[in-house]
Amino acid sequence: MDFAFTEEQQFFKKIITDTVDRMVVPKAREIDEKDEFPWELWKDFTKLGYLGLRYPEEIGGMNADPVTAMIFYEQIARGSVGFAQSVIMNILMGTYFVYRFGSEEIKKRCLYPAMKGEKVTTMCFTEDQSGSDLSATRTTAVKDGNEWVINGTKMWITNGPVADFATVLATTDLSLGAKGLNFFLVEKGTPGFAPGQIIDKLGCRGTITGELVFDNVRIPEENLMGAELNKGVEYLGEILDEVRVMTAAMAMGIAQAAYNEGLEYARKRIAFGKTIGNYQLIRAKFADMATEMEASRLLIYSAAWKIKEKLPSRLEAAMAKMFATETCLKVVDEVTRIWGANGFANEYNPQRHFRDARFLLYGGGTHEILKDFMGRILIGKS
Amino acid sequence: MDKVLVFVETKGDEPRKASMEVLCEAARLAESGRFSMEAVCLGAVSDVLKNRLLSCTHKLVRLTDPELAAYSPEGYAHAVAGHARQIGAGMIMAGATGVGRDFLPRTAVILETGIVSDVTAANWFDDPITFVRPMFGGKVFAEVACPASPVVVTVRPNSFAMDMPEGINGEYVEVAVGLQAGSIHTRLLRVDDTRKDAVDITEADLIVAGGRGLKAAENFKVIEDLAVVIGATVGATRSVVDAKWRDQADQIGKSGKTVSPKLYIGAGISGAIHHIMGMDSSKVIVAVNRDPNAIIFNYANYGIVGDLFEVLPAMTEEFKRHKERV
Amino acid sequence: MNILVLIKQVPDPEALVEIAASGKDLNIEPKFVINLFDEFALEEALRIREKHGGNVKAISLGGTKAIEALRTAIAMGADEAMLIEDESFAGSDGYNTALALSRAVQKETFDIILCGRQAIDADRGEVPQMVAQFLGLPHVGVVVKLDVDDGKAVVESVLEGTKEVIEVTLPAIFTAQKGLNEPRVPLITGVMKAMKVQIPKVPVEDLGLTKEMGGPDGSKTRIERYLPRKKRPAVQFIEGEPRQAAAEIVRILADVERVI
C-alpha cells in the first residue's frame with residue numbers, strides 16, 4: 001500500500017500551488033466583489049496551457065491522470081472558486097463529449113480552441129424541474145432530415161451566458177425517460193440559441209451562471225455527441241465519478257484557504273493578553289479541522305486512484321464528494337468563529353469562503369440524493 | 001596577541017559610519033588587551049580624514065595602487081588579503097556595507113579561510129570567539145565560530161556603539177600594493193545619481209503610518225514631514241484609504257500590504273486587527289495615540305500617549321537635531 | 001551564450017522555523033521554494049538566451065529534495081540542470097558551498113554565471129563572490145540591469161543604494177537583485193518536460209572533494225548554537241510633555257534600538 005504522491009505529482013502540486021498563489025489568489029477578492037467573468041485572468045492563466053490537463057499530449061494536452069487532476073482542482077479552487085469553476089468546466093465537463101465523440105472538424109472548431117482558452121464552454125443538463133433526476137429532462141431533440149432540432153430551457157448553467165459552445169442534454173423520446181437522453185453540441189451563433197436570465201448567486205461569484213434557451217435550434221447530424229443513439233446517461237457515467245471527486249477536491253481547496261486564514265488569525269489576534277491560538281478551545285478547532293481535512297483527502301485521492309486504475313469507484317466517489325463538502329462546510333464555519341465578529345465582516349476573506357462552500361453542496365448531486373444512492377448500493381434492492 | 005585588521009571605508013573626508021563603529025569596537029578590544037589593532041583604507045585620504053581616523057586606531061595603513069583608484073571587488077579583495085597576510089592578522093573586520101559584503105568573501109577565499117557575514121554582536125571573551133548573526137530574515141540568530149584563521153567578519157551597521165576612544169594617536173603609513181596590470185576586469189562607467197523613487201512600502205526599512213486620528217487628508221503633512229526627515233515611507237490604515245485621504249498603494253493591513261520594517265511609527269492608529277496583521281512583524285514599533293487603551297499599544301515596543309499633532313512635529317524637530325549631531 | 005545559474009532550494013518564507021531543544025539544530029516546516037533572488041537570476045538567464053541564443057543550465061547543491069528546485073528551473077525554461085547531491089555540503093558554510101559549486105562549474109563551458117544576491121535562509125550573501133574568487137573571475141553584485149554584448153556586459157549595480165553602471169569582461173558572475181526582472185510563471189509544456197526530465201546527480205567525490213570536508217569539522221566556520229529572536233517586550237510608555245517625549249523616543253531609537 002502506498003499513499004504517497006509520486007515525485008512527479010509532488011512537483012506538479014508545488015508548481016500549481018505557486019502559480020495559483022501568484023496569479024489567482026491576489027485576484028480572488030475582486031472576482032468575488034465584481035461578480036463578472038474575469039477575462040483578463042482567464043487570458044493570462046489559460047495561456048499557460050492547463051485547460052488541456054486531461055487530454056493526450058498529441059493534441060496539446062498534458063495527459064494528467066485523475067490523481068494529478070485532483071491536485072489541480074484543489075489548488076485552483078483554493079485560489080478562487082468562482083474562477084476555478086469556469087476553468088474546470090473547460091477542462092472536464094464542457095469538453096469531454098466533444099473530445100470523445102466530436103469529428104475532427106468539430107474538434108478543430110471547438111475542442112482545441114477550448115483547450116487553449118480561446119473558447120469558453122459549458123455542459124448543460126439541469127433544468128427548472130430536473131437536476132439529479134435526469135429522467136425528468138424536458139429539452140427535446142427531434143430529427144428532421146439530416147438535422148436535429150433542439151427545444152427547451154436549461155438552468156444553472158456554469159459559463160452558460162458566456163459560452164462559445166455547449167454540450168446539451170436532450171431527450172429524443174420523452175416516453176423513454178433516462179433511456180432517451182443524448183448529448184448535442186450547440187455552438188454560439190446558431191439561430192434560436194440564446195442566453196437567458198443570469199443568476200445572482202450567494203457564492204462562487206465570478207462564474208457566470210444562468211439560463212440557456214433553445215428555441216428551434218437546428219444543428220447538423222454530426223453534432224450528436226455519442227457513438228450510439230440514446231446512450232447519453234451511459235456516456236455521462238464515464239466522467240460522473242471524476243466530476244464528483246473533483247467537486248470534493250474543490251471543497252478541500254476552499255477548506256484549505258479558510259483554514260489558512262484561521263491559522264493566521266489564531267497566531268495574531270490577542271485576547272486576555274495572549275494570542276488566541278494559546279487557548280485550548282481554539283486549538284481543538286484546528287485539531288478537528290485538520291483531522292477531517294486529512295480524512296477527506298484520503299477519500300478524494302483514493303477514489304481518484306481507483307478511477308485511474310479503472311476500479312469500481314461509484315460509491316467511493318460519492319462518499320468523497322459528500323464527506324469533503326461537509327468537512328468544508330464545517331471548516332468555513334469554524335474559521336468564521338475563530339475570526340469572531342470579523343468573520344462576519346465583508347472586509348475579510350472568511351465570509352467569502354463561508355459563502356463559496358455552500359455552492360458545492362449541489363453540484364455532482366445533493367447529499368440527500370447521494371445518501372439515498374449510496375444506501376441503495378450498500379443495502380441492495382429488496 | 002592576535003591582530004585585528006579593520007577595513008575602513010571612506011567617502012570624501014568622511015569615514016563610513018559602519019566603519020567607525022567597527023573601529024571603535026576594535027579600539028576597545030585593543031584597550032582590553034585581547035587584541036592589537038590596525039586599520040587599512042584604500043581610497044584617497046585627506047588630512048582631515050587621516051586625523052579623525054588616527055584618533056581611533058594605533059596604526060592606519062593606506063594601500064596604494066593605480067588599480068585601486070575606483071572600487072573593484074577583485075582589486076580590493078587582493079589588496080586587503082595581501083596586507084592581512086603580510087601583517088599576520090588574526091581577524092579582518094569591516095562594516096557590513098554593500099562594499100564590505102561584496103569583496104570580503106573574495107578576501108576570505110584568497111586567504112583560504114571563512115567569513116562570518118552581517119554579524120550583530122560578538123562574544124569576544126568566549127573560547128572560541130563567537131559571532132551572532134541573523135538568519136531567516138531575523139527569525140532566528142546563530143552563534144558562529146570560525147576555527148580557521150584569520151577570521152573575516154562583516155558587522156551590520158548600528159551593532160557596535162560608536163564611543164570614541166581617548167588618548168589614541170596612531171601612526172600613518174602608505175604601502176604600495178603592486179597589483180598586476182590587467183588584473184581588474186570591472187570598470188565603473190558612471191554613477192547614476194538620479195533621485196530614487198520612494199521605496200515601496202513592502203521593502204521600506206522605515207515606515208511612518210497614519211490612521212483615522214489624522215482627521216483629514218491634508219493633516220498627513222505631519223506624517224510626511226517626519227517621514228522625509230528620517231527617509232521613511234508613508235503608510236496608512238484601511239479606513240484612511242477608504243476615506244480617500246491616501247492612495248490604495250499606501251495601505252498596510254490584511255487587504256493591503258504586509259510590511260516588516262526595522263522601524264514602524266504609527267500615529268492616530270487604534271490597532272484594528274486588520275492593520276495589525278499587516279505590520280506586527282516590524283522590528284521596532286512606536287505608537288502615538290491619544291487613547292492610553294488603544295489596542296495598538298499591545299503590539300508596540302514604545303508608546304506615547306498624546307496628541308499626535310503635537311508629538312509628531314516635536315519628533316520631526318528632534319530627528320532633525322539628531323541628524324545634525326551625527 | 002552559455003549561461004549557468006546557481007540556485008538554492010530554501011524553506012518557504014512563510015515556513016515555521018523553530019530551534020530544536022538542543023539549541024544546535026533548527027526544526028523547519030518542510031515547505032520549500034527556489035530562493036527568491038535565484039528566480040531573478042534564472043529569469044535573466046532565460047531572457048539573455050532568448051535574445052542571444054545559447055544554453056541555460058541550472059546547478060544546485062543540496063540533498064535529494066533539491067531536485068524539485070531544479071525541476072522548477074526546467075519548467076521555467078532552463079535547458080538542463082544538475083544536482084550536486086550532498087546533505088553535508090548543503091548544510092556547510094559559505095566557503096565549502098562555494099568550493100563545491102566552483103568545482104562543478106569548472107567542468108562546464110560558460111560565458112555567464114548568474115546567482116541570487118543572497119539566500120533567504122542563511123542570509124549570508126557570500127557564495128557567489130567566493131565562487132568568483134575560486135574561479136578567478138570578476139563579479140558584479142546586486143545587479144538590477146544586465147546588458148550582454150560581444151564578450152562584455154554593461155551592468156547596473158545598486159550595491160550602495162545608488163545606481164552604478166559597470167562594464168565587465170566575460171566570463172563573469174552576476175548576483176541578481178529584486179528589480180532585475182519579473183520571473184515568469186511556467187507553462188504547462190515546461191512543467192511536463194520538468195516532470196519527465198532525468199536530472200543528473202553528481203556526488204561531491206566526483207568533484208575531488210570528500211564528504212568530511214562538508215561536515216562541521218571540515219568547515220571554516222561553524223554554527224555553535226541557535227538563539228531565538230527576542231520577543232517583543234511589553235510596551236514601554238514614554239512619559240512627559242510632547243517635546244520631552246519626542247526627545248526621549250529619538251534617543252531610544254538612535255542609541256538603544258539603533259534603528260535610525
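These are my notebook entries on a few places I looked up in this predicted model.

**Entry 1: strand E10 of chain B**

I began with strand E10(B), residues 140-145. Five of its six residues are buried, so the strand is largely enclosed by the rest of the structure. Next I asked which strands pair with E10(B). Within chain B, the partner I found is strand E9(B), residues 130-135, antiparallel to E10(B) over six bridges. To fix the register, I noted that B:Thr130 stands opposite B:Ala145. The hairpin of these two strands has four residues between them, and there B:Phe136 takes a positive phi near 50°.

E10(B) also pairs across a chain boundary: six bridges join it to strand E14(C), residues 222-228, and the two run antiparallel. Here the register can be read from B:Phe141, which stands opposite C:Leu227. As a reminder to myself, side chains in a regular strand alternate between the two faces of the sheet.

**Entry 2: where chain C touches chain A**

I then turned to the contacts between chains C and A. On the chain C side there are 13 residues, in contact with twelve residues of chain A. Which elements of chain C give two or more residues to this side? They are helix H2(C), 67-76, and helix H6(C), 188-196. H6(C) provides the largest share, six residues. By character, the chain C side divides into nine nonpolar, two polar and two charged residues.

**Entry 3: helix H8 of chain C**

Helix H8(C), residues 242-256, has 15 residues and reaches 20 Å from its first C-alpha to its last, close to the 21 Å expected. I listed its buried residues: C:Ala245, C:Ala246, C:Ile249, C:Val250 and C:Leu253. Why do they lie on the same side of H8(C)? They cover an arc of only 130° around the axis, which puts them there together. The general rule is handy here: an α-helix has 3.6 residues a turn, so residues three or four places apart point the same way.

What do these buried residues pack against? I found elements of chain B: strands E16 (263-267), E17 (284-289) and E18 (302-305), and helix H8 (308-325). Just after H8(C), C:Arg258 takes a positive phi of about 55°.

**Entry 4: A:Phe214**

My last stop was A:Phe214, in strand E7(A), residues 209-220. Is A:Phe214 buried or exposed? It counts as buried because it has 25 C-beta neighbours inside 10 Å, and the cut-off is 20 or more. Leaving aside neighbours within four places in sequence, its contacts include A:Thr139, A:Ile150, A:Val168, A:Val186 and A:Phe193. I also checked A:Trp305, 91 residues apart from A:Phe214 along the chain; their C-alpha atoms are separated by 39 Å.

Definitions and conventions:
Residues are numbered from 1 along each chain as its sequence is written. Chains are lettered from A and ligands numbered from 1 in the order in which they are written. This is a predicted model: local features need pLDDT of at least 70, side-chain atom pairs count only at pLDDT 80 or more; totals for chains, interfaces and linings use all residues. A residue is buried if 20 or more other C-beta atoms lie within 10 Å of its own, exposed if 12 or fewer, and partly exposed in between; C-beta atoms are placed from the backbone. Two strands pair if DSSP finds at least two bridges between them. Two residues are in contact if their C-beta atoms, placed from the backbone, lie within 7 Å. Ala, Val, Leu, Ile, Met, Phe, Trp, Tyr, Cys and Pro count as nonpolar, Asp, Glu, Lys and Arg as charged, and the others, Gly among them, as polar. The expected span of a helix is 1.5 Å times one less than its number of residues. The arc is that of the directions from the helix axis to the C-beta atoms.
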